[in-house]
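The following exercises introduce a single protein chain. Each task is followed by a solution that proceeds step by step.

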Amino acid sequence: MKNSLVSLARRALTVQNPASDWRCFCSSPSFPPPPFNTKLFVAGLSWSVDEKSLNDAFSSFGDVTEVRIMYDKDSGRSRGFGFVYFSKEVDARSAKDAMDGKAFLGRPLRVSYALEKVRGGPIVVPRCLNNGDDTNSRNS
């Protein structure tokens with residue numbers, strides 16, 4: 001059943017146009033547009049960084065609504081990453097652009113947009129094959 005679902009998804013998402021190139025389409029308009037991304041993932045934190053110092057470092061870019069640093073549950077020490085929440089997307093973007101790669105308490109930060117945690121079943125991403133015939137790939 002799993003193979004038939006993947007095959008069905010592959011056929012539903014790929015369409016061959018007359019110019020013989022493959023294009024992938026998502027025809028479901030029921031999905032809401034992605035929310036504004038105001039949450040930043042900050043990695044490369046020193047063990048001495050706390051929420052207040054991280055808030056102070058990012059608050060010059062706009063209104064920081066929340067700062068969370070992830071801690072190890074056994075040792076209580078920082079795991080070296082955290083999240084910074086902004087009230088506006090433009091503030092998050094400027095903070096990401098300015099702070100990514102910048103040294104903070106002796107260590108370079110790696111700043112990116114945080115991805116929302118996906119709960120539930122696995123995500124299946126169908127692959128577009130060059131020849132469009134997936135019978136050879138399953139029987140190999």
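**Exercise 1. State how far apart Arg93 and Glu89 stand along their helix, and describe how their side chains meet.**

Solution. Step 1: Arg93 and Glu89 are 4 residues apart in helix H3, so about one helical turn separates them. Step 2: the model is a predicted one, and in it the two side chains meet in a salt bridge with an N to O distance of 3.9 Å. Step 3: the cut-off for a salt bridge is within 4 Å, and the distance of 3.9 Å satisfies this. Step 4: Arg93 has a relative accessible area of 38% and is therefore partly exposed; Glu89, with 28%, is partly exposed as well.

**Exercise 2. Determine how many salt bridges the rule gives, and describe those outside helix H3.**

Solution. Step 1: the count comes to 3 salt bridges. Step 2: Lys52 pairs with Asp56, the closest N and O atoms being 3.1 Å apart. Both residues lie in helix H2, 4 residues apart, about one turn of the helix. Step 3: Lys52 counts as exposed because its relative accessibility is 57%, whereas Asp56, at 44%, counts as partly exposed. Step 4: Glu66 and Arg68 meet in a salt bridge at 2.5 Å, N to O. Glu66 has a relative accessibility of 29% and counts as partly exposed; Arg68, at 41%, also counts as partly exposed.

**Exercise 3. Give the order of elements along the chain, and then the order of strands in the open sheet.**

Solution. Step 1: the chain has 4 helices and 8 strands. From the N terminus on, they run α-β-β-β-α-β-β-α-β-β-β-α. Step 2: an open sheet of 4 strands has the order E4-E5-E3-E8, with antiparallel pairing. Step 3: E4 and strand E8 (110-113) stand at the edges with a single partner strand each, so one side of each has no neighbour in the sheet. Step 4: from one strand to the next, the twist averages 20°.

**Exercise 4. Describe the pairing of strand E3 and what packs on the sheet.**

Solution. Step 1: E3 is joined to E5 by 5 bridges, the two strands running antiparallel. Within this pair, Phe41 stands opposite Phe83 in E5. Step 2: H2 packs on the sheet, touching E3, E4, E5 and E8, and its direction makes about 135° with that of E4. Step 3: H3 also packs on the sheet, touching E3, E5 and E8; its direction makes about 150° with that of E8. Step 4: E3 is joined to E8 by 4 bridges, again antiparallel, and the bridge partner of Ala43 in E8 is Arg110. Step 5: since 4 of the 5 residues of E3 are buried, this strand is largely enclosed by the rest of the structure.

**Exercise 5. Identify which residues of the largest nonpolar core touch the most other members, and which elements contribute to this core.**

Solution. Step 1: the core has 18 residues, of which Val42, Leu54, Phe58, Val84, Phe86 and Leu109 touch the most other members. Step 2: strand E3 (39-43), helix H2 (51-58), strand E4 (64-71), strand E5 (78-86) and helix H3 (89-99) each give two or more residues to the core. Step 3: apart from this core lies another, of 5 residues, including Ala43, Phe81, Tyr85 and Ala114. Step 4: beyond its neighbours up to four places away in sequence, Val84 touches residues that include Leu40, Val42, Leu54, Phe58 and Val64.

Definitions and conventions. Residues are numbered from 1 along each chain as its sequence is written. This is a predicted model: local features need pLDDT of at least 70, side-chain atom pairs count only at pLDDT 80 or more; totals for chains, interfaces and linings use all residues. Side-chain values use heavy atoms; hydrogens and water are left out. A nonpolar core is a set of buried Ala, Val, Leu, Ile, Met, Phe, Trp, Tyr and Cys residues joined through side-chain atoms within 4.5 Å. Buried means under 20% relative accessible area, exposed over 50%, partly exposed in between (1.4 Å probe, protein chains only). Contact means heavy atoms within 4.5 Å. Two strands pair if DSSP finds at least two bridges between them. Axes are lines fitted to C-alpha atoms, for helices over the stretch in contact, and angles run from 0 to 180 degrees between N-to-C directions.
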